[in-house]
Amino acid sequence: MQELSLYPPSPEFSARAHVPDLDAYQALRRRAAEHPEEFWAEMAEKEVHWFEKWHHVFEWHPPFVKWFVGAKTNASYNCLDRHMARRGAKPAILFEGEPGDRRVLTYAELHQHVCRFANALKARGYRAGDRAIIYMPMVPESVVAMLACARLGITHSVVFGGFSAEALKARIQDLDAHLVITADGGWRRGREVRLKDAADEALAGCPGVRDVIVLRRTGGQVRMQEGRDQWWHDFEAGAAPDCPAEPLDAEHPLFVLYTSGTTGKPKGILHTTGGYLTYVTCTMKWVFDLKEDDIYWCTADIGWVTGHSYLVYGPLSAGATCVMYEGAPDYPAWDRWWEIVARYRVTIFYTSPTAIRALLKQGDAWPAKHDLSSLRLLGSVGEPINPAAWEWYHRVIGHGRCPIVDTWWQTETGGILIAPMPGAVPLKPGSATLPMPGIEAEVVDFHGNPVPDGTEGFLVIRRPWPSMLRTIWGDPQRYEQQYFSRIPGIYFTGDAARRDADGYFWILGRVDDVMNVSGHRLSTMEVESALVRHPAVAEAAVVGKPHEITGQAVCCFVTLKQGYEPGDGLAKELRQWVAHEIGAFARPEEIRFTEALPKTRSGKIMRRLLREIVTSHTVTGDVTTLEDMGVITRLASQHDED
Ligand code: WTA
């Protein structure tokens, strides 16, 4: 990735921006660095409503942190009730379903929906400390379910609707949830994604689940289990539209979101209430420069962290009007998103590099058919954006007029940590630019020592920040080991990066066994475990392979058990198997059958070599620890035979 050109903010943009120039940005950073307690206390007072104030801004006993200790607040209250006086009639959600159905929910209407659903949950005995799984399509009721849980202090875990029954089951069990909120299905490319069927399959292994609430979305046939399953509309019938928000401890668990780690078992990342809310609300202004009249659209699914922080909690807490779209960008045609931008006069648009590359490939004629003049700011998240895609996004979608905020963050960080403040920071295509105030990002070597500018190293964050994860659900040891042991006491991101002479950060990708496919995190081990559950597979090794659109694609090396023959039929079956075990987004691009996998003498699979094979088709690295050199030459030459 090289530096192409510099894009300073336009004077018109800066003139109206929350942070109008570099001096203002530096002043914020300086204050946050020198007086973190004062700084964050001021932000918390300004951006969040508290029922009771804290007695300590934060307590840091590495690796554990608490923010706004002793304070009481409620995320649902902050996203709804506090807006009633000023914004009751303001649209909170502009919803468009894939089939073309449309709904507008004002803040007052959303408040009523949330209260009714919360009252129904309360009547059924759910209260603070309980856990709920939300497995829903992208419809306003998924937001209602999240905010109703938050209102009562029920910790929610949203499972992306693209995940399989197996993945859902593992999450229900790990969280020990008694409540599952789902739907008959949702729409994707004109087809029904049958969520209740998958939920039924998962629930067969979850005897602890007491209630399953099912929203009717598609009208498809579903099986309802007597005594356990209920339709959403029956469940909330008669519930009162007013339900006071529980004053919850600032450290009350708001949600758990499962993400891929370096082992086969997903990690339940825990986020709490007060610090999270403070940080995501602040970054709506710092990064998205949100104003009262903006129409904000984040295309992420609520099942990912971007959907949590920048489709639900951040924008609603900040009082924004949000567009929410259920379906695919290419349905019925490749201009669906641009049609939506034009229809709702979207001003801020936030999406992923994968989507941008896919749209770019379809040509300029699609966006040209629509009036995109309402756009004033564009955003990118989830993976590095290559300069060519950046330039296209800037020129063809933003008409050269809109700054692009390339936002670096993670499920674990809760909110955006490195990104430009668009009115202040000149942009460099491909760089996430500079850290937010209070974020002490650094590039270091193995020992935690800063490396010189321009040198690659590990990206770490030196100090705690309000929206950081608190632990891994049920596994504090893994939390410490994963994030705070590589360099003791310092948050290890798992990403490699380089900082240039201007202090700009260039994110280079993961240094662990985590792949990034279409901006979705996937662990190589997760796919390997799925593969070896198939009766034909003896061993499997999985690596990410560079891919033009999705960034990386899943490439699997597989050895077969006695009696099984490699072939196209089996390769197809294995790809389908992984999709069924994890979810369609994990479907491997390629299955390569091999007689043996390269291993060290101690028996560890050398993924590094496999990665080299799929990227360069040759092996140059150190192979002295390799057990059987012959395997490598055979694997590397296999490509030429393909
Ligand atoms: C990658 C998504 C480069 C990175 C919010 C990180 C990025 C992982 C960017 C987290 C970006 C995210 N530039 N890489 N702007 N944003 N990443 O947990 O490798 O799904 O560690 O959170 O995505 O993925 P996650």
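This tour moves from the ligand site to a series of salt bridges and ends at one lysine in a strand. The model is predicted.

**The ligand and its shell**

Begin by selecting the ligand together with the residues that surround it, which number 17. The closest of these are Asp406, Thr407, Thr411, Asp495 and Arg521. Colouring the shell by residue class gives 6 nonpolar, 6 polar and 5 charged residues.

Next, display the polar atoms of the ligand. One nitrogen contact leads to Gly382, where a polar backbone atom is 3.1 Å from a nitrogen atom of the ligand. A polar backbone atom of Glu383 is likewise found 3.3 Å from a ligand nitrogen. For an oxygen contact, select Arg510: an N or O atom of the Arg510 side chain is 2.8 Å from an oxygen atom of the ligand. Adding a surface shows the extent of the enclosure: taken on its own the ligand has 530 Å² of accessible area, and the protein covers 96% of that area.

Which elements give two or more residues to the shell around the ligand? They are helix α12 (305–317) and the strands β20 (404–407) and β25 (505–510).

**Salt bridges across the fold**

Leave the ligand and turn to the charged side chains; the structure holds 48 salt bridges. Three pairs and one network are visited here.

Select Glu141 and Arg103 first. These residues form a salt bridge whose closest N and O atoms are 3.1 Å apart. Glu141 belongs to helix α7 (residues 140–152) and Arg103 to strand β5 (residues 102–106), so the bridge ties together parts that are 38 residues apart in sequence. Is Glu141 buried or exposed? With a relative accessibility of 13%, Glu141 is buried because it falls under the 20% limit. Arg103, at 31%, is partly exposed.

Move on to Arg345 and Asp371, whose side chains meet in a salt bridge with an N to O distance of 3.0 Å. Both residues sit in loops: Arg345 between α13 (336–344) and β18 (348–351), and Asp371 between α15 (365–368) and β19 (377–381). This pair therefore ties together parts that are 26 residues apart in sequence. Arg345 has a relative accessible area of 37% and is partly exposed; Asp371 is also partly exposed, at 41%.

The third pair is Lys428 and Asp502, with 2.7 Å between the closest N and O atoms of the salt bridge. Lys428 is in the loop between β20 and β21 (441–444), and Asp502 is in the loop between β24 (491–499) and β25, so the bridge ties together parts that are 74 residues apart in sequence. Strands β20 and β25 were already met at the ligand shell. What is the relative accessible area of each partner, Lys428 and Asp502? Lys428 is buried at 5%, whereas Asp502 is exposed at 52%.

For the network, select Glu96, Arg102, Arg336, Glu339 and Arg343 together; salt bridges link these residues.

**Lys545 and its surroundings**

For the last stop, select Lys545, which is found in strand β28 (residues 537–547). Show the side chain of Glu590 as well: a polar contact of 2.5 Å joins it to the side chain of Lys545. Which residues does Lys545 touch, not counting those up to four places away in sequence? Expanding the selection brings up Gly551, Gln552, Ala553, Cys555, Glu590 and Val614.

Note on methods: Residues are numbered from 1 along each chain as its sequence is written. This is a predicted model: local features need pLDDT of at least 70, side-chain atom pairs count only at pLDDT 80 or more; totals for chains, interfaces and linings use all residues. Side-chain values use heavy atoms; hydrogens and water are left out. A residue is near a molecule or strand if one of its heavy atoms lies within 4 Å of it. A polar contact is a pair of N or O atoms within 3.5 Å; within protein, one must be able to donate a hydrogen and the other to accept it, and residues adjacent in sequence count only if both atoms are side-chain atoms. Accessible areas come from the Shrake-Rupley method with a 1.4 Å probe; for residues, only the protein chains shown count as cover. Helices (H or I, at least four residues) and strands (E, at least two) are DSSP runs, numbered from the N terminus. Ala, Val, Leu, Ile, Met, Phe, Trp, Tyr, Cys and Pro count as nonpolar, Asp, Glu, Lys and Arg as charged, and the others, Gly among them, as polar. A salt bridge is a side-chain nitrogen of Lys or Arg within 4 Å of a carboxyl oxygen of Asp or Glu. Buried means under 20% relative accessible area, exposed over 50%, partly exposed in between (1.4 Å probe, protein chains only). Contact means heavy atoms within 4.5 Å.
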